[in-house]
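Here is a short tour to read with the sequence and the 3D view open side by side. Take a moment to turn the view around before reading on.

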Amino acid sequence: MKHAGYYNILVSISLCVCSWGCIGCQPDTSCRENLTTGVIGELYETIWDSITVQGIGATDTLYNNAKNVKKIVLPLRNTQDSTQFALLYHGQTDTLTILHTYTQAFVSVECGCTNEYEILSVHHTTHWTDTIEIVETAVHRHGSTNLYLKSKK
């Protein structure tokens, strides 16, 4: 019975620590935000005044006539070794194909694993894009710019 007091104290401390997210116990949203990965594409020399980006074979539109965009984040598939996107800008659509590898990296017991990719090559049509340069092949959480997109205009 004298251990009941210690038990109550330990349970109280554990609940407080987990609700604060200080030691190991983190809110689920924190894990999701920290595990997000995607190719970061940056328009070279300018800002998009309106762009629509749709994953080919996906139902969701990533950017829908978005304004004042300097960077876009493109999620890659972990079930295939390539991912395609349709990029609509000023009435012209280019197709972007990214060939990549996929691995998982352990983050923590609470958050699990994150997806990591390596860009092997990039292919695109040239209706409004002139060139797409790979500047960083590693795609991981907290990543840097992977691609520079240069428009013809």
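Does Ser151 count as buried or exposed? At 14% relative accessibility, Ser151 counts as buried, because the cut-off for buried is under 20% relative accessible area. You will find Ser151 in strand β10. Setting aside its neighbours within four places in sequence, Ser151 is in contact with Leu43, Trp128, Thr129 and Asp130. Please keep in mind that this is a predicted model.

**The overall layout**

Stepping back, the chain has two helices and 10 strands. Reading from the N terminus, the order of elements is α-α-β-β-β-β-β-β-β-β-β-β. The chain has 153 residues, and 33% of them count as buried. Its accessible surface comes to about 9400 Å², with 54% of that belonging to carbon and sulfur atoms. As for contacts between residues at least 6 apart in sequence, 48% of them join residues at least 24 apart.

**The nonpolar core**

In soluble globular proteins, nonpolar side chains tend to be buried together. Here, the largest nonpolar core has 24 residues, and the ones that touch the most other members are Trp48, Leu96, Ile98 and Leu147. Two or more residues of this core come from each of β1, β2 (51-55), β3, β4, β5 (82-89), β6, β7 (112-124) and β10 (147-151). Leu96 is a good one to click on: not counting residues up to four places away in sequence, Leu96 touches Leu74, Thr83, Gln84, Phe85, Leu87, Val122, His123, His124, Ile132 and Leu147.

**A threonine in β6**

Now look at Thr97, in strand β6 (residues 92-108). With a relative accessible area of 15%, Thr97 is buried. Which side chain does Thr97 join in a polar contact of 2.9 Å? The partner is the side chain of Gln84. Gln84 also appears among the residues that Thr97 touches, together with Thr83, Ser121, Val122 and His123, not counting residues up to four places away in sequence.

**Two salt bridges and a shared glutamate**

How many salt bridges does the structure hold? There are two, listed here with their distances.

| Salt bridge | Distance, N to O |
|---|---|
| Lys70 and Glu42 | 4.0 Å |
| Glu42 and Lys71 | 4.0 Å |

Salt bridges that share partners join Glu42, Lys70 and Lys71 into one network. The Lys70 and Glu42 side chains meet in a salt bridge, and this pair links distant parts of the chain: Lys70 is in the loop between β3 (61-66) and β4 (71-74), while Glu42 is in strand β1 (residues 39-43), 28 residues apart. A salt bridge also brings together the side chains of Glu42 and Lys71. This pair, too, links distant parts of the chain, with Glu42 in strand β1 and Lys71 in strand β4, 29 residues apart.

What about accessibility within this network? Glu42 has 13% relative accessibility, so this residue counts as buried. Lys70, at 31% relative accessibility, counts as partly exposed. Lys71 counts as partly exposed as well, at 44% relative accessibility. In short, the network pairs a buried glutamate, Glu42, with two lysines that count as partly exposed, Lys70 and Lys71.

Technical notes:
Residues are numbered from 1 along each chain as its sequence is written. This is a predicted model: local features need pLDDT of at least 70, side-chain atom pairs count only at pLDDT 80 or more; totals for chains, interfaces and linings use all residues. Side-chain values use heavy atoms; hydrogens and water are left out. Helices (H or I, at least four residues) and strands (E, at least two) are DSSP runs, numbered from the N terminus. Buried means under 20% relative accessible area, exposed over 50%, partly exposed in between (1.4 Å probe, protein chains only). A polar contact is a pair of N or O atoms within 3.5 Å; within protein, one must be able to donate a hydrogen and the other to accept it, and residues adjacent in sequence count only if both atoms are side-chain atoms. Contact means heavy atoms within 4.5 Å. Accessible areas come from the Shrake-Rupley method with a 1.4 Å probe; for residues, only the protein chains shown count as cover. A nonpolar core is a set of buried Ala, Val, Leu, Ile, Met, Phe, Trp, Tyr and Cys residues joined through side-chain atoms within 4.5 Å.
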